[in-house]
Amino acid sequence: SMAAEAKQQEKALPVCYFDITIDGKAMGRIEMTLREDLVPKTVANFRGLCTGKHPSYEGYTYKGTYFHRIIPDFMVQGGRLYEQGGDGKIKRRPFVEWGMEANKSPIPHSGPGIISMANKQDDQGVRKQNSGFFICTSQQPLNYLDDQHIAFGKVTKGMDIVVAIEKIIRDGKKSYDPSKNQQNPVVIMISDCGELKK
């Protein structure tokens, strides 16, 4: 049957996880099912940063990174990689920017829990990605994002933790961003990450 087939296919898809702490307090785990069948290159990049076995950047990982940008009813964004510079200052880790896998996201930004790549336009107007990602929190579909960002999976467990991350900003607090000079930010960290074994 179609339903059994869909279930079988879902079983074959990789599931990665983030363990989240807020100001050092363990909040639990976010699990994400990744659509390797639709966007293999995008999934390989994200999965590699979850496991520390990235195809081009062995040892680079989301572990110890932050959700630095949160816009309630829109998205929570994280995944920037930092390292200590020679001058003791924190700087972004080198990571070659790469183009979108498709002109339009094969997975629509259809509602809460969709996970998608952040990107920025270069001088030629070409959108380039590195390690940044965001998780949608809007109840409404964000169809206009389908032309601008590649979605590659969905939160399948732990959406309550995403909501808790969003609530920090709703409560008028700031999320820690290493690139900014902030007063009393809340540190929202991926304390551990990886792939769930089948």
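Throughout these legends, contact means heavy atoms within 4.5 Å. The model shown is predicted, so local features need pLDDT of at least 70 and side-chain atom pairs count only at pLDDT 80 or more, while totals for chains, interfaces and linings use all residues. Residues are numbered from 1 along each chain as its sequence is written, and side-chain values use heavy atoms, with hydrogens and water left out.

**View 1. The surroundings of N45 in helix 2.** N45 has its place in helix 2; helices (H or I, at least four residues) and strands (E, at least two) are DSSP runs, numbered from the N terminus. Not counting residues up to four places away in sequence, N45 touches H54, F95, W98, M117 and N130. One of these partners, N130, is 85 residues from N45 in sequence, with 8.6 Å between the two C-alpha atoms. Is N45 buried or exposed? N45 counts as buried, at 5% relative accessibility. Here buried means under 20% relative accessible area, exposed over 50%, and partly exposed in between (1.4 Å probe, protein chains only).

**View 2. An open sheet of eight strands.** The strand order is 3-4-11-8-12-2-1-13, with antiparallel pairing; two strands pair if DSSP finds at least two bridges between them. Strand 3 (67-71) and strand 13 (188-195) stand at the edges with a single partner strand each, so one side of each is left without a neighbour in the sheet. Neighbouring strands are turned by 25° against each other on average, direction ignored. For these angles, axes are lines fitted to C-alpha atoms (for helices, over the stretch in contact), and angles run from 0 to 180 degrees between N-to-C directions.

**View 3. Strand 2 and its partners.** Strand 2 (residues 25-34) runs antiparallel to strand 1 (residues 15-22), and eight bridges join the two. Look for F18, which stands opposite I30 in strand 2. The hairpin of these strands has two residues between them, and D23 takes a positive phi near 50° there. Strand 2 is also joined to strand 12 (residues 151-157) by four bridges, again antiparallel. In that pairing, E31 has K157 of strand 12 as its bridge partner.

**View 4. Strands 8 and 12, with two helices on the sheet.** Three bridges pair strand 8 (residues 114-117) with strand 12 in the antiparallel sense, and I115 stands opposite G153 in strand 12. Helix 2 (residues 40-51) lies across several strands, among them strand 8 and strand 12, and runs at about 105° to strand 13. Helix 3 (residues 159-170) packs on the sheet too, touching strands that include strand 3 and strand 4 (75-78). The direction of helix 3 makes about 120° with that of strand 2.

**View 5. F46 and the largest nonpolar core.** A nonpolar core is a set of buried Ala, Val, Leu, Ile, Met, Phe, Trp, Tyr and Cys residues joined through side-chain atoms within 4.5 Å. Which of the 45 residues in the largest core touch the most other members? They are F18, I20, F46, Y62, F67 and I165. Leaving aside neighbours within four places in sequence, F46 is in contact with C16, F18, M32, L34, Y62, I115, F133 and F152.

**View 6. Two cysteines, C16 and C50.** A disulfide is taken as a pair of cysteine sulfur atoms within 2.5 Å, and the count comes to zero disulfides. Why is there no bond from C16 to C50? The closest cysteine sulfur to that of C16 is in C50, 4.1 Å away, which is too far for a bond. C16 is buried at 0% relative accessibility, and C50 is buried with a relative accessible area of 1%.

**View 7. Salt bridges.** The count comes to 14 salt bridges, each a side-chain nitrogen of Lys or Arg within 4 Å of a carboxyl oxygen of Asp or Glu.

- D37 pairs with R35, the closest N and O atoms being 2.7 Å apart; D37 is partly exposed at 37% relative accessibility, and R35 is partly exposed at 27%.
- K91 pairs with E83, with 2.9 Å between the closest N and O atoms.
- K120 and E97 meet at 3.2 Å, N to O. K120 lies in strand 9 (residues 120-121) and E97 in the loop between strand 6 (90-92) and strand 7 (98-99), so the pair ties together parts that are 23 residues apart in sequence.
- E36, R47 and E195 are linked in a network of salt bridges.
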